[in-house]
Amino acid sequence: MAAAPALKHWRTTLERVEKFVSPLYFTDCNLRGRLFGASCPVAVLSSFLTPERLPYQEAVQRDFRPAQVGDSFGPTWWTCWFRVELTIPEAWVGQEVHLCWESDGEGLVWRDGEPVQGLTKEGEKTSYVLTDRLGERDPRRFKRFSCLSFPSSRDYSLTLYVEVACNGLLGAGKGSMIAAPDPEKMFQLSRAELAVFHRDVHMLLVDLELLLGIAKGLGKDNQRSFQALYTANQMVNVCDPAQPETFPVAQALASRFFGQHGGESQHTIHATGHCHIDTAWLWPFKETVRKCARSWVTALQLMERNPEFIFACSQAQQLEWVKSRYPGLYSRLQEFACRGQFVPVGGTWVEMDGNLPSGEAMVRQFLQGQNFFLQEFGKMCSEFWLPDTFGYSAQLPQIMHGCGIRRFLSQKLSWNLVNSFPHHTFFWEGLDGSRVLVHFPPGDSYGMQGSVEEVLKTVANNRDKGRANHSAFLFGFGDGGGGPTQTMLDRLKRLSNTDGLPRVQLSSPRQLFSALESDSEQLCTWVGELFLELHNGTYTTHAQIKKGNRECERILHDVELLSSLALARSAQFLYPAAQLQHLWRLLLLNQFHDVVTGSCIQMVAEEAMCHYEDIRSHGNTLLSAAAAALCAGEPGPEGLLIVNTLPWKRTEVMALPKPGGAHSLALVTVPSMGYAPVPPPTSLQPLLPQQPVFVVQETDGSVTLDNGIIRVKLDPTGRLTSLVLVASGREAIAEGAVGNQFVLFDDVPLYWDAWDVMDYHLETRKPVLGQAGTLAVGTEGGLRGSAWFLLQISPNSRLSQEVVLDVGCPYVRFHTEVHWHEAHKFLKVEFPARVRSSQATYEIQFGHLQRPTHYNTSWDWARFEVWAHRWMDLSEHGFGLALLNDCKYGASVRGSILSLSLLRAPKAPDATADTGRHEFTYALMPHKAPSPAPATSWSAFSVSSPAVLLETVKQAESSPQRRSLVLRLYEAHGSHVDCWLHLSLPVQEAILCDLLERPDPAGHLTLQDSRLKLTFSPFQVLSLLLVLQPPPH
Ligand SMILES: [Zn+2]
């Protein structure tokens, strides 16, 4: 062979190699054109269509009709089952033979009644390996998945089934990925044939593509990139695609290059197979079940072929689905988990949203998840895994700690629109000071393909160079499932140790984090929430889902509390543990990061609403049963008892049912976590140490409500012109301004419609102006005073609101009903406060945090729309204004204006999102102290400090004789506190435990006169196991 010329033109050399591997150009003579050899059609192809997602056994009984390549099938969400009868030509003995299958939609191959592989064009899975070498029994143990055993050595016939779902990996959006699904979409089968596969050609293609990637990625300043390019060029010189005997020389050239190792200081990339499957998003929950099967069976097949391949899988719910729908596949998953190749991670029931779920709901994600992983896979997860959530609560580090986890993997902050997050590997310190080790894969993705470009990006993009020399690299198609391919694995294996590139090792998350931990001295610490500077519309979109979430969290809290008290009081009462687990799992499912956030299609939103309906109806039944058992034999004078499930004594005006469906108002007092009879009607009149509510309407139409605690003035259109804390005479509304001002914004994001509200929406603010004279007095005073008004928001949308003030109540409530028919508008309500502070306070899980009220830095103004739970507060020394809500999450405070986000109107992926009727309540409370403190009178349980809240009372998951309760308390003011917990239940033993209810060996508490001494640090969450005495007989 002639010596290569010394001079090579960079571009022509590069493009020469590109053409040699191109699937588009010169395939008649290039290497790519030789990937497949001889081919032949399948013997018989038949199919049937069904709108249902049938089990295999049922599907194969159906009537299959003749089908052919080119056939269309559909519409969207239907399923087409194909029967593929095939006979491999005997002439192909000794060859690797594939079933080549290309169709729209997501396919799953079934053989002998078991799923064996996914087939999805978008996921680069278009062939199923029928045999590695026709005619030879495969000696390897993985016969079932990758190599056929035929009936006889000469008969190469076989019947397979291919179940094709009529949806793509990412649903069926009309015209764009996140557009609402096109219900009429049709799908096509474009290829179904047998073909000989040339594995040697494939391996050469992998090598050449990697060399091209190195040449391009390292660029012309780098010596190694020229070595890569010239190696590739020389391979093209020596390789004749038509003569396979020339391939080994080319292979040897590649092996020489890739075998030149790097030095000791090389960065190490830990490549873990992954397949992010959104539990519901652009497709319904039920399709996710099949996505799991398609994706995971493909991963198993890769594990068999590549014993070093490790695959990380999160979300217990998805495993639970596969367990019940695909038991054969599930037991194989368990086998591979024992081998350490299938690695459950995350520890949660689903990958939940990191902002909106309550603290208790977050605990339950782990409680349900970790117990599932322990039971099914023999151990709990040691890494929390949440790559795709729209922000992370400052309480997550403490919750992780309490659930046996010290490591966290995510990457979503790489989506920040304004500020680039400064770390990829760091310690994260939560609200209470708990620290966890966090890693964001520096490639900023959980769906890598194994390309050189990504490998180089992982090193170059790492923000902790010099501090951390290990990175995660998650490869595999994700979001809609799919997962890794053999080609990705071939690439990564080739890059194990090559000079000029980082070292690549197929690794588990555990190995990655161990490496990071062992060299973590120089890592930096980030304190507080990990706020995502994008997707801030998800705090508001799909208001009904948000309302369902808040309401169902409350219902389950109440059922658990009353059932626990009933259990302690009654020997006959059975704690509804199984029903509660079922209902909790439904709630946790809806907290998935594309459901509670409202970023899902209409079909999913409807399913989510059904889940809430189940929780409401079953929850209320359980509530009645528990209340009945608790209060047995103690009816009030009218047969009514009032139960208080909050941990403080409440005196409030209630609407009590009267015969005939009417209601009457009564002032009732109920002790904390207890009950009281309805006071007899006669006692209603001299109710008052308190002043009754006075309601006065002026001639100009304005109305004043006054209960002696606060005085509220509404202008004739319903806006708040004054709110005075009567005792001090202090005005809460900013001078010259009005509160309860509805404002409408144009809300057109850049792309992610349901997700994003952009900073520029603030420039489009338009106050909704009411018509004078619409304000009318509702309830005329006494126990309750109210005024109501109507407001036309736009030609299509209107609002009615009743402003209510009760006797003895420190806040004014705004009961609101909206008929909302808008497109790309955002409705908020504003309260300009006569308060000056650079920080506002927002309730989060088990506590609260401050965020700035100014836009000093880019980090400040990027938080123009934030989230909060039940309240937000703006306080200066000695006075403040709190804004409370019953089902909202979006909020902001800019300057002195408190703003609550009410309704959005995005059109994708659900064109109907938020259209229709809404009901919600918010309340406004001026106060003297820096933050509102609950009263401290208790019954079943009481705590001596107002800083400590008793959040949860439930039966322990593992409860001998069903006589153990778990109590969860947290410090809510941000202070160090010693306090006494008074118990009036018959407790014989009390032990501190973690959030998974595992007792702390040193956590035995001494009961002193039915009291326990507890010590809290700021925002600390404590859980107690209480063993009750045997029941009374
Ligand atoms: Zn996701």
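## A zinc site and its surroundings

Let's start with the metal: the zinc ion is held by four residues, with His-276 and His-593 each offering NE2 and Asp-278 and Asp-388 each offering OD, at 1.9 to 2.1 Å. Keep in mind that you're looking at a predicted model.

What do the angles say about the site of the zinc ion? Among its 4 donor atoms they run from 88 to 159 degrees, and the site counts as irregular. That label follows because four donors are called tetrahedral if all angles lie between 85 and 135 degrees, and square planar if opposite donors are over 155 degrees apart and all others between 65 and 115.

Now look at where the donor residues of the zinc ion sit in the sequence: the spacing reads H-x1-D-x109-D-x204-H. His-276 and His-593 link distant parts of the chain, 317 residues apart. You'll find His-276 in the loop between strand E12 (268-274) and helix H7 (285-305), while His-593 is in the loop between helix H16 (577-590) and helix H17 (602-630). Both His-276 and His-593 are buried.

Zooming out, the chain is built with 18 helices and 53 strands. Its radius of gyration is 32 Å, close to the 31 Å that the globule rule gives for 1033 residues, so the chain is as compact as a globular protein of that length. Along the principal axes, the C-alpha trace spans about 110 × 65 × 60 Å. Of the 1033 residues, 59% are buried.

Next come the charged side chains. The count for this chain comes to 54 salt bridges. Here are a few of them:

| Salt bridge | N to O distance |
|---|---|
| Asp-63 and Arg-65 | 3.1 Å |
| Asp-747 and Arg-904 | 2.7 Å |
| Asp-806 and Arg-813 | 3.3 Å |

The pair of Asp-747 and Arg-904 ties together distant parts of the chain, 157 residues apart. Asp-747 is in the loop between strand E31 (741-746) and strand E32 (766-767), and Arg-904 is in strand E44 (residues 897-904).

Are Asp-747 and Arg-904 buried or exposed? Asp-747 has a relative accessible area of 2%, so this residue is buried. Arg-904 is buried too, because its relative accessible area is 0%. In the Asp-63 and Arg-65 bridge, by contrast, Arg-65 is exposed, because its relative accessible area is 53%. As for the remaining pair in the table, both Asp-806 and Arg-813 are buried.

Some salt bridges share partners: Arg-53, Glu-106, Glu-163, Glu-287, Arg-290, Lys-291 and Arg-294 are joined this way into one network.

Two more spots are worth finding on the model. Tyr-330 lies in helix H9 (residues 327-338). At 3% relative accessibility Tyr-330 is buried, because the cut-off for buried is under 20%. How far apart are the C-alpha atoms of Tyr-330 and Trp-296? They are separated by 9.4 Å, with the two residues 34 residues apart along the chain.

Now for the surface. Leu-24, Tyr-25 and Phe-26 make a nonpolar patch there of about 380 Å². Leu-24 belongs to the loop between helix H1 (10-21) and strand E1 (36-41). Why does Leu-24 count as exposed? Its relative accessibility is 68%, and exposed means over 50%, so Leu-24 makes the cut.

How values were computed
Residues numbered from 1 in each chain as written. Predicted model: local features only at pLDDT ≥ 70, side-chain atom pairs only at ≥ 80, totals over all residues. Heavy atoms only, no water. Patch = residues over 30% accessible without salt bridge, like charges linked within 9 Å, V, L, I, M, F, W, Y side chains within 5 Å. Areas by Shrake-Rupley, 256 points an atom, 1.4 Å probe, with all protein chains shown as cover. Salt bridge = Lys/Arg side-chain N within 4 Å of Asp/Glu carboxyl O. Helix = DSSP H or I, 4+ residues; strand = E, 2+ residues; numbered from the N terminus. Buried < 20%, exposed > 50% of the residue type's maximum accessible area, 1.4 Å probe, protein only. Donors = N, O, S within 2.8 Å, 3.2 Å for Na, K, Ca; no water. Tetrahedral: all angles 85-135°; square planar, octahedral: opposite > 155°, others 65-115°. Rg over C-alpha atoms; globule rule 2.2 N^0.38 Å.
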